[in-house]
Amino acid sequence: MEELLDAVDALARVERPELFDALTVPEDVSPLLDPFTYMELKDDPTKGKGWFAKQNLPAGTRLLVAKPIAAVLHWEDEPPESNQDEMESGDDDDDEDDEDDDEALFSGPEPEPRINELLLVDLLEELLDNKELWFNTLTQLFPRTNEELAALPAWVCPDDAMFMEVESLLEQLKLVLPAETVTEISKRLPHIVRYNILSMETCSELLSYPGPDGHSSLAGVALYHYPSFYNHSSRPNVNRWALGDLMFFVTNQDVTAGQELCISYLEHDVLCESPYRRNSMLRMDFQDGGEEEDRQVDSEEGPDMPVVDTDVQNELMGMNPLERIDAIDELLQQALGEKGPASETMELSDRPGWFRCDVHNLQILKAITLDAMGQSGKALELWEQAVVFTETSLPPADESGVMIRTQAALSALQTGDWHRAKQHAEIALRTHDLVFGGGVSFFRRRYRHDFALKLRPVPSGAAAELLQGKAPFELLWPLEAS
Ligand SMILES: C[S@@+](CC[C@H](N)C(=O)[O-])C[C@H]1O[C@@H](n2cnc3c(N)ncnc32)[C@H](O)[C@@H]1O
């Protein structure tokens with residue numbers, strides 16, 4: 001494990017690696033795990049193949065650790081120059097025309113994503129060197145039959161240059177594979193990519209991301225072999241996380257023998273949204289009704305994607321703290337139906353409008369800002385609201401919940417409330433250990449960039465007395481606790 005951590009620490013400092021290979025964990029330190037240890041593949045009449053538990057499995061069982069067949073990082077698919085200009089010019093127009101700004105939040109220019117096609121090109125290039133990859137692996141993935149293929153919408157390549165590249169690679173493949181196999185590859189591979197790729201965020205639960213582009217330089221999409229057989233559930237019993245290019249799959253609750261093991265294809269923070277919204281974000285070949293959905297929502301007012309995305313978050317974080325608090329409060333008022341900050345705790349579940357995770361993410365940004373301004377008491381209230389959101393609306397043991405509990409512990413310590421700080425710290429460590437393993441030393445290593453962020457002023461008063469010169473994380477997560 002130590003060697004793996006050393007390898008991953010080195011990877012996490014790579015800034016905009018020229019190739020995904022730079023994020024590849026070496027085989028000799030990869031704790032790969034045979035998927036058939038705890039799981040078996042079975043057919044379901046409506047879902048196709050899926051993973052099922054062979055035996056009773058306690059929460060925290062590591063089911064599978066896999067390396068991708070191919071992967072592409074988001075920064076490799078940069079928006080065209082024209083979109084970049086529009087996004088940047090948005091910074092200059094201050095508060096001239098608020099209505100236009102609001103409109104821009106909902107209907108900003110969306111560059112056509114090409115990331116699936118970049119992955120497709122990688123796979124075709126790989127097939128030129130290793131044609132067995134098709135017969136041994138790719139051909140096992142959905143869609144396998146002509147009937148399955150015929151039921152899917154046709155693949156449309158988002159730009160001509162990429163289409164030409166795909167065509168040229170297919171022509172080259174004809175030199176090493178029979179023509180009918182290449183025809184089959186040309187028909188199936190774009191769909192195999194489209195319906196099996198997983199988003200990949202290395203260390204997504206952390207606040208700190210190295211590199212000038214932060215998170216986006218370390219996030220992307222990848223195609224895996226055995227992980228491709230996990231079906232989707234809006235109440236998943238399996239959580240997944242990545243270290244470099246390694247993807248880990250872990251049960252987030254006790255599972256009984258014979259039960260299906262499902263992940264969520266959506267980010268966990270949107271799972272509490274209505275089936276209508278979930279389906280419009282999923283854009284898959286099946287409907288995610290949710291097992292116990294009692295509300296049928298056919299259409300909704302408001303956006304169909306979260307508003308507080310990375311661009312909005314980056315824009316807010318670029319403001320000075322006072323300006324940022326005002327901007328966040330204004331957005332919170334809009335998100336909460338223009339009822340103002342007093343209604344922040346209102347029941348949101350039946351409210352059309354912004355996403356619940358928009359409110360959650362704004363509260364996190366506000367908590368970070370208040371902490372930086374030395375107002376840790378107010379920040380703690382918001383961290384604790386965020387804890388309630390993650391623990392009532394997200395799947396169990398969600399990784400973002402660990403980050404929030406960690407920050408709640410640090411804010412509580414800053415206020416001098418040892419009891420609350422220790423309570424949050426213990427839950428953060430326990431949850432981390434369940435999903436990631438490795439005890440307090442792994443927890444401290446994974447969070448050490450976060451601990452180094454200096455999010456709060458130097459402690460004074462009761463906090464300084466508690467700390468007696470120690471670093472907050474030393475007091476809250478001492479090494480002997482493992
Ligand atoms: C990544 S594959 C999962 C494995 C797949 N069932 C198979 O047979 O290989 C994704 C595809 O599985 C099916 N699928 C996944 N989750 C489903 C669900 N909850 N309900 C119905 N079909 C589902 C859909 O056809 C989807 O495009």
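This is a short tour of a predicted model, to follow in your viewer.

**Start with the domains.** Select 2-77 together with 110-282; that is domain 1. Give 304-481 a second colour; that is domain 2. Now look at where they touch. Domain 1 puts 29 residues into the contact, and domain 2 puts in 27. On the domain 1 side, pick out β8 (238-243) and α9 (275-282), the elements that each give two or more residues. The largest share there comes from α9, with 3 residues. By class, this side of domain 1 holds 13 nonpolar, 11 polar and 5 charged residues.

**Move to the ligand.** Show the 15 residues that surround the ligand. Gly48, Lys49, Phe142, Asn231 and Phe286 are the closest. Next, highlight β2 (48-53), α8 (179-196) and β7 (231-232), which each give two or more residues to this shell. β2 gives the most, with 3 residues. Colour the shell by class: 5 residues are nonpolar, 7 polar and 3 charged.

**Go into the core.** The largest nonpolar core has 55 residues. Select Leu63, Leu119, Met200, Val221, Ala222, Met247 and Leu261; these touch the most other members. Then select helix α4 (residues 115-129), the source of the largest share of this core, 6 residues. Both domain 1 and domain 2 supply at least three residues to this core.

**Zoom in on Met247.** Which residues is Met247 in contact with, leaving aside neighbours within four places in sequence? Look for Ala66, Leu198, Met200, Tyr224, Pro227, Arg240 and Ala242.

**Last stop.** Another core, of 49 residues, lies apart from the largest one. Select Ile368, Ala412, Leu413 and Ala428, which are among its members.

Methods: Residues numbered from 1 in each chain as written. Predicted model: local features only at pLDDT ≥ 70, side-chain atom pairs only at ≥ 80, totals over all residues. Domains from an automatic or database assignment. Contact = placed C-beta atoms within 7 Å. Helix = DSSP H or I, 4+ residues; strand = E, 2+ residues; numbered from the N terminus. Nonpolar A, V, L, I, M, F, W, Y, C, P; charged D, E, K, R; others polar. Near = placed C-beta within 6 Å. Core = buried A, V, L, I, M, F, W, Y, C linked by C-beta atoms within 7 Å. Buried ≥ 20, exposed ≤ 12 C-beta atoms within 10 Å, placed from the backbone.
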